[in-house]
Amino acid sequence: MKYPSPVRHAPSSGSPASSLSRRSFLAGLAAVPVLTALGCTPRATGSDTGLRPLPIPPLAPSTVDADGMRHFTLTAAPGTTEMLPGKQTPTWGFNGSVLGPTVRARRGEQVGFTIANRLPETTSVHWHGMHVPARFDGGPHQSIEPGGRWTPGWTIDQPGATLWYHPHPHGSTEKHAYRGLAGMFIVDDADTDAAGLPRDYGVDDIPLIVQDRRFTADGRLDESTSSDVGLLGDTVVTNGIAGTYLDIAAPRVRLRILNGSGGRIYNFGLADGGEFSMIAGDGGLLPRPVSLTRLVLSPGERAEIVVPVGSSPVRLRAFPIDAAHGGNSREAADFGFTDTFDVLELRPAGTRTGAPALPATLTTIARLHPAQAVARRRFDLQWYMINGERMDMNRIDHVSTVDTTEVWTVRNRDNWPHNFHVHDTQFQILDIDGQAPPPHLAGWKDTVYTPRGAKVRLIMKFSDYADPTLPYMYHCHLMLHEDKGMMGQFLVLCPGQRAAPKKMPAH
Ligand code: C2O
Ligand code: CU
Ligand code: CU
């Protein structure tokens, strides 16, 4: 039971790949309660490019208990993965050797998890982008010891979106994610159902976890050389393996792209320069599709795009970072900004009919207004610090009040790229360097890119969950930076409630 090592575990029936459609493959998965190895993804016949089929993370199986709670089990453990063809790379994964199954649930559903840690190190599982009680947030205060278990649960109450889960242990997030621990968490709601968008999972609705890796000569993950932005790889892996293509039998494909890298910023586009439509950002659907030729995603950010599939293959490519996103800096090469990677080849396959137009309207987003804000805060990002301080698990940096709105001003005050992520809530961008955000950044977000010199104003509301004991985090999501302390903690309290933070053992 390994995921995805497609070559070793390819079906040995000898049947040509084309006779087993991705749809029937996935349907087969759904029918069998045991997770079949992703390795069952059919291999290409007649591929002359050396690319391998994109592995699709299986949907996590779940059971609904008598109280209506949808229950999932995730087990983090070591394994080996054929990330490079013919090489076995030691990796970490959830329910498999690398990455994890896609968790899927609906808005309004109660979800519960049993998370088991079979790793040799303490880890945690954070629900990035999810509105959750602080005690179930999965940050550094909810660590799971080797051999331990953790059983969070909550009711999903936020718009349908592509979220993700990943480890968040204090000081080791980059390493744990680099070794392979990450998965997607798709939330569905009436808008995502009704939108008339591609939504056949694994067929024309594709999770795409994009990461960069460096390998040693014997095929191990190279953790030896770090840059100012962290471990930068020279190889892009998509859904856990290098060099992938995807057969598409539909006239268009929806890619749910996650930048799951620790420190690399991607400037995605199509190799032929063609347009695609962005339909959703971090926190859910945009009000309407936005036509783009380039899309920058910093670590932790997601975007759902719809790409037309014509009669010839088209490649999703990561282009060099442009000047507007810091690409003109003197250190551009050190930050990986000058690199180009092919990320995924989309190949037309089978019979397609013409693509229906995307709906003109996808959802409605109520704008938050600065006049409603009861607090304004500043966050200056500099070196490994925020507001001149590094993370201290025993320091609460500020207290917010439940059901109130705040405006946060985030500034990049050094020459490194940074971004800014807030737990518990989705925010709206008020402005970037004094300008209204472009349409593709005008939806709900939980992570925003702040290149050198950037000043971004965010507006957000803290709903429902007050906890005097356990904080939420905000931090730079360049994982090396967060590990080095570019993170702060805030409590959400009821009006008049006293903070009573839990004392953590010295680190
Ligand atoms: Cu994606 Cu605090 O994390
Ligand atoms: Cu998060
Ligand atoms: Cu940073």
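How many salt bridges does the rule find across the interface of domain 1 and domain 2? Across that interface the rule finds one salt bridge, and the tour below, which moves through a predicted model, begins with the domains on either side of that boundary.

**The domains and their boundary**

Colour the chain by its domain assignment, which gives domain 1 as residues 52-191, domain 2 as 205-348 and domain 3 as 370-493. With domain 1 and domain 2 selected together, their centres, taken over C-alpha atoms, are separated by 21 Å. If you then display the contacting residues, 37 residues of domain 1 should appear against 42 residues of domain 2. The area buried between these two domains is about 3,300 Å², and carbon and sulfur atoms give 64% of that area. On the domain 1 side, select Leu 54, Met 83 and Tyr 178, which lose the most area to domain 2 and together make up 24% of what that side buries.

Next, select Glu 223 and Arg 179, whose side chains form a salt bridge in which the closest N and O atoms are 2.7 Å apart.

**The copper ion, ligand 3**

Move now to ligand 3, a copper ion that is coordinated by ND1 of His 418, SG of Cys 476 and ND1 of His 481, at 2.0 to 2.2 Å. Read along the sequence, the donor residues follow the spacing H-x57-C-x4-H. His 418 belongs to strand β28 (residues 418-422), while Cys 476 sits in the loop between β32 (472-475) and α4 (479-483), so this pair ties together parts of the chain that are 58 residues apart in sequence.

Are His 418 and Cys 476 buried or exposed? His 418 has a relative accessibility of 0% and therefore counts as buried; Cys 476, with a relative accessible area of 0%, is buried.

**The copper ion, ligand 2**

Select ligand 2 next, a copper ion coordinated by NE2 of His 126 and NE2 of His 421, at 1.9 Å. This pair of histidines links distant parts of the chain, with His 126 in strand β7 (residues 126-128) and His 421 in strand β28, 295 residues apart. His 126 is buried, its relative accessible area being 1%, and His 421, at 0% relative accessibility, counts as buried too.

**Strand β29 and its partner**

From here, select strand β29 (residues 427-432), which is mostly covered, five of its six residues being buried. Add strand β31 (residues 455-462) to the selection: five bridges join these two strands, which run antiparallel. To check the register in the viewer, display Ile 432 of β29, which stands opposite Val 456 in β31.

**A walk along the salt bridges**

Over the model, the count by the rule comes to 32 salt bridges, and a few of them are worth selecting in turn.

Begin with Glu 109 and Arg 70, whose closest N and O atoms are 2.8 Å apart. Glu 109 lies in the loop between β5 (103-106) and β6 (110-117) and Arg 70 in strand β3 (residues 69-81), so that the salt bridge links parts of the chain 39 residues apart. What separates their burial classes is the 20% cut-off: Glu 109 is buried because its relative accessible area is 17%, whereas Arg 70, at 21%, is partly exposed.

Continue to Arg 256 and Glu 304, where the side chains meet in a salt bridge with an N to O distance of 3.4 Å. Arg 256 is in strand β16 (residues 252-259) and Glu 304 in strand β21 (residues 302-308), so the pair ties together parts that are 48 residues apart in sequence. Arg 256 is buried, with a relative accessible area of 3%, and Glu 304, at 2% relative accessibility, also counts as buried.

Then select Arg 413 and Asp 380, which form a salt bridge whose closest N and O atoms are 3.2 Å apart. Because Arg 413 lies in the loop between β27 (404-412) and β28, and Asp 380 in strand β24 (residues 373-382), the pair ties together parts that are 33 residues apart in sequence. Arg 413 is partly exposed, with a relative accessible area of 41%, while Asp 380 is buried, with 17%.

As a last selection, take Asp 282, Glu 301, Arg 302, Lys 445 and Asp 446, which salt bridges with shared partners join into one network.

Notes:
Residues are numbered from 1 along each chain as its sequence is written. Chains are lettered from A and ligands numbered from 1 in the order in which they are written. This is a predicted model: local features need pLDDT of at least 70, side-chain atom pairs count only at pLDDT 80 or more; totals for chains, interfaces and linings use all residues. Side-chain values use heavy atoms; hydrogens and water are left out. Donors are N, O and S atoms within 2.8 Å of the metal (3.2 Å for Na, K and Ca); water is not among the atoms, so sites may look incomplete. Helices (H or I, at least four residues) and strands (E, at least two) are DSSP runs, numbered from the N terminus. Buried means under 20% relative accessible area, exposed over 50%, partly exposed in between (1.4 Å probe, protein chains only). Two strands pair if DSSP finds at least two bridges between them. Domain bounds come from an automatic or database domain assignment. Contact means heavy atoms within 4.5 Å. Buried area is the accessible area (1.4 Å probe) that two parts lose on being put together, summed over both. A salt bridge is a side-chain nitrogen of Lys or Arg within 4 Å of a carboxyl oxygen of Asp or Glu.
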